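I opened this notebook to keep a record of what I looked up in the structure, one entry per topic. The entries follow the order in which I went through the chains.

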Amino acid sequence: MQLSNIDIENLAPDAQSLDTSKKMAIKEKWKVIAKSDRGIWGKIKGSAIEPYQTQIELIPLGYKCSCPSRKFPCIHVLALLLLHSNDNQSFTDTEEPTDIKDWLDKRVQKRGKVEMPAKELTPEIIEKREKEQDKRKTERAIFVESGIAELDRWLKDLIKNGILQLPYKENNYFEKMAARLVDAKAPGLANFIRKLQKLDFSKTDQWHQEALQIIGKTYFLMDAYQNIDNQPIPLQNTIKNLIGWSQSTKDLLASEQKGVKDDWLVIGQMIEENDDLITQKNWLWGIQSNQPALIINFGTRFAPLDSQLISGMFFHAELLYFDIAFPQRAIIKEHIAPPNQQLHLKADDNWEVIDQKLQSAILENPWIEDFPILINSTNIQTSQNNTYIIDYQNNAKQIDPNYPLEKLLNLMMIHDKNSVIAGLLSNQYFIPFGIFSDHNYQIL
Amino acid sequence: MNKTIENIALLGTSRKPFLMGELPEQIQKSLINFSENDVETSLLRAIYLHLYFQKSGNKSFKLALQNNDHEEHENKTICHSNLIYCYQKIKELPTLNYLYFVEIWLDRLIKNDWILPNNLVVTILKQHENLNSEIKQKTINILGKKAATILPYFPTYQTSTNWLEIWKFGKVTERKIAFLKIRNNDLNAAYSLLDADFFNEPLSFQKLIIESILSNFTFADVAFFEKMYEYNFKYLPKEKSIHKECRYLIASKLLQYDNSILHRQTVEKLQPYFSENWLLKSVKFNLPNEEDSFWNEENMDKTYGIELKNMDIGLFHSKPKYWLSHFIQNLPLEYWNNALKKIASIQSAILPEMKHLLLLSMEKKRLSFYLIF
């Protein structure tokens, strides 16, 4: 699958990187450019003595560059992709050099496509492993319970003395509790405490509400955990996930769970940076199944995001959903391929239907925060500095007040009476991702 | 968040009792189902139950539609896709070349009376935001009716703002900005606006304008302030506090200018309180301990808008000292210099309390003058 220039533009981390990369997307600037069946690579002179080596896996998209840039993808990756898109013939078919081959093999292996020689498993070994697994589970449950008991005392003490004292608490007050929860193998709960610590206490009314939301959500989770055995398995998994149990992609791939084969559109992408961890959330929409999916990629300063997905990308794939209440998070099981059909989106006609859907989702999973939707919108209106998306029955939903102005203006310009708007309902506001009209999806 | 729950959570259950009966009925019913019910647990549960109900009940609402008739009435043609492709290429050029070619491109569109497609409007407006006014004007000329509606979001394109219109029909803060803009360009024009209908405006708006003039006060403003002092903010037996505040602001400023009537009258009134000791070659200011015909509450309120409720008894000890501090703050330093004649003589003659007052007042004004004491 060859990426178009628009796909590459969507991949760029910022406009400046894109502009610079366009200037580098000239054959003469590269010392080496080559390709194989699986990928492309090149060498370009940078500020270091040795030229930078840029390597890209095309399907699914992945890249690596030896330059020191902290932007992902860097300008060299963008330039090589643009050059490949505009002048494919300049890339000579070559045998993959050892380092490129190793890197590509490793990526394939990571996706679980290369069968690794499995050890012979005797019934004794299986039994021993199961026992060890059970022991670990029991130990973890004890740890978590002790952490929850401590957090229970901490929260009750906080609420007894009043949350108005929060701004005057030293960092140690939060850090100690968060560290205790990490020790108790409940990093999810520790994150709630860190969120309390990071509140902007200068915004008086706002932090009151935010603190109460965090405290409420945390205590709800703790209460639910005490009653976890009486819950259905998907809800048990949801509760455990939020507390800090991680769900294994490997186990999901190895399971016999049936995937959803569909043509998927990446309706939007959100990147969050928290300390050194970069989280990329890709919101997908299945064209036939008419359901959303969330693919999460993680990266760090030293391990770039595995960005095989780009906003606006339309492809065919089989997705496996994690077994949680109101499942959204999924992984790609099968290779990405071109879509089987033309892009069309079936959107809801009014906000009332979407409100009902959201209520059902909350009933299934009360902790749900983000709810992707497609809406047939007839109008966009601004009133008292707030902007609303209006359906044909004049029901309105407010756009997030923090939504970037440039994107908002683009939305106002591109929108017409027959537009379908894709976006996310989050914290009572709507965050638009893109607009669909005339079989074309335009990212905002 | 429900106010009862929020207030208890903010102050804490140790300070504010948690009464189940004050909670919304649905939350009360849900809380009964829990066996363990100590106060803190119940409050924490009430918080999450309320959040859950709030989240589930969050619905869209009806909005009265405005008329968006620009879409139906667009009578200009959108430029051909070849020209868009051409622009994409121009965009990749270095700045100098970009300026040259984009102008040719803009002229082409203007000549044919073509407009930009909607999906390119924001990009081009943003791109030309900081370019010269000629290019900005040409960019405005290739916008359709819908695009023109978003132009106010790009302030650098507002080349000829009609401040007079904004003064007449704008919101309060916009009108204040408009007044300052007009005042910066033409002081007389600004005051003729105020002459026309300023005193029919709400008092809060009049105060806002007075404060904005004070932030940039000049000698030329004295006449207008005297007029306001004489006719609009003179003492009324039943006056609003904002009326008094305006009198205080105006009188304080007039005291600072020796050409103002109020300054001259005040200086005359203060003169009898200075006495010279020829023997010691010193000047003394005799501040009365009791109220008299000048130093009294009624006069200070009527003439200067000074209210005693702001007085800190710990700092000023008596009312006349508090009033004197106001005059020290607002009458020019030259006046005090001349009145006390020789600064050196003040050192021995000045009352210790007055020294204290001077220090307090000067400190307020952040002047280093007090060092002389």
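**Entry: the long helix α5(A)**

I began with what covers the buried residues of α5(A), and found that the cover includes α6, α7 (187-197), α8 and α9 (233-243) of chain A together with α1 (3-11) and α3 of chain B. I kept in mind throughout that this is a predicted model. The buried residues of α5(A) include A:Arg140, A:Asp152 and A:Lys156, alongside A:Val144, A:Ile148, A:Leu151 and A:Trp154. I then looked up the span of α5(A): its 39 residues reach 57 Å from the first C-alpha to the last, close to the 57 Å expected at 1.5 Å a residue. Just after α5(A), I noted that A:Gly162 takes a positive phi of about 95°.

Further along I came to A:Gln165, which has its place in the loop between α5 (123-161) and α6 (171-183) of chain A. A:Gln165 counts as buried, at 19% relative accessibility, because the cut-off lies at 20%. I also found a polar contact of 2.7 Å that joins the side chain of A:Gln165 to that of A:Lys169.

**Entry: the nonpolar cores**

Which residues of the largest nonpolar core touch the most other members? I found A:Trp154, A:Ile163, A:Leu189, A:Leu196, A:Ile243 and B:Trp105, out of 124 residues in that core. Helix α8 (residues 204-226) of chain A gives the largest share of this core, with 11 residues. Apart from this core lies another one of 51 residues, and I noted B:Leu194, B:Ile210, B:Tyr322 and B:Trp336 among them. For A:Trp154 I listed the contacts, leaving aside neighbours within four places in sequence, and obtained A:Tyr173, A:Phe174, A:Met177, A:Ile193 and A:Leu196. As background, I wrote down that in soluble globular proteins nonpolar side chains tend to be buried together.

**Entry: helix α11(A)**

I next checked the length of helix α11 (residues 351-364) of chain A: at 1.5 Å a residue its 14 residues should span 20 Å, and its end C-alpha atoms are 20 Å apart, which agrees. In this helix I found A:Trp351, A:Ile354, A:Asp355, A:Leu358, A:Ala361 and A:Ile362 buried. Seen down the axis of α11(A), the buried residues fall within an arc of 120°, so they line one face of the helix. I set beside this the general point that an α-helix has 3.6 residues a turn, so residues three or four places apart point the same way. On the other side of α11(A), A:Gln356 and A:Leu363 are exposed.

What do the buried residues of α11(A) pack against? I found β11 (370-376), β13 (386-390), β14 (395-398), β15 (420-426) and β16 (429-437) of chain A, together with α3 (39-56) of chain B. At the start of α11(A), I noted that a side-chain oxygen of A:Asn350 reaches to within 2.9 Å of the backbone nitrogen of A:Glu352.

**Entry: cysteines**

I looked for disulfides over all chains, and the count came to zero. A:Cys65 is in no disulfide, although the nearest cysteine sulfur, that of A:Cys67, is 3.6 Å away; the cut-off for a disulfide is 2.5 Å, so this pair does not count. A:Cys65 is buried, with a relative accessible area of 19%, and B:Cys246 is buried with a relative accessible area of 0%.

**Entry: two residues of chain B**

B:His326 is found in helix α18 (residues 319-330) of chain B. Is B:His326 buried or exposed? I found it buried, with a relative accessible area of 4%. Not counting residues up to four places away in sequence, B:His326 touches B:Tyr248, B:Ser252, B:Leu255 and B:Ile306.

B:Gln127 is found in helix α6 (residues 118-127) of chain B, and with a relative accessible area of 31% B:Gln127 is partly exposed. Leaving aside neighbours within four places in sequence, I found B:Gln127 in contact with B:Tyr87, B:Lys91 and B:Tyr98. The C-alpha atoms of B:Gln127 and B:Lys91 are separated by 9.0 Å, while the two residues are 36 residues apart along the chain.

**Entry: the chains as wholes**

I closed with totals: chain A has 12 helices and 17 strands, and buried residues make up 49% of its 444 residues. For chain B, I noted 21 helices and five strands, with 42% of its 373 residues counting as buried.

How values were computed: Residues are numbered from 1 along each chain as its sequence is written. Chains are lettered from A and ligands numbered from 1 in the order in which they are written. This is a predicted model: local features need pLDDT of at least 70, side-chain atom pairs count only at pLDDT 80 or more; totals for chains, interfaces and linings use all residues. Side-chain values use heavy atoms; hydrogens and water are left out. Helices (H or I, at least four residues) and strands (E, at least two) are DSSP runs, numbered from the N terminus. The expected span of a helix is 1.5 Å times one less than its number of residues. Buried means under 20% relative accessible area, exposed over 50%, partly exposed in between (1.4 Å probe, protein chains only). The arc is that of the directions from the helix axis to the C-beta atoms. Contact means heavy atoms within 4.5 Å. A polar contact is a pair of N or O atoms within 3.5 Å; within protein, one must be able to donate a hydrogen and the other to accept it, and residues adjacent in sequence count only if both atoms are side-chain atoms. A nonpolar core is a set of buried Ala, Val, Leu, Ile, Met, Phe, Trp, Tyr and Cys residues joined through side-chain atoms within 4.5 Å.
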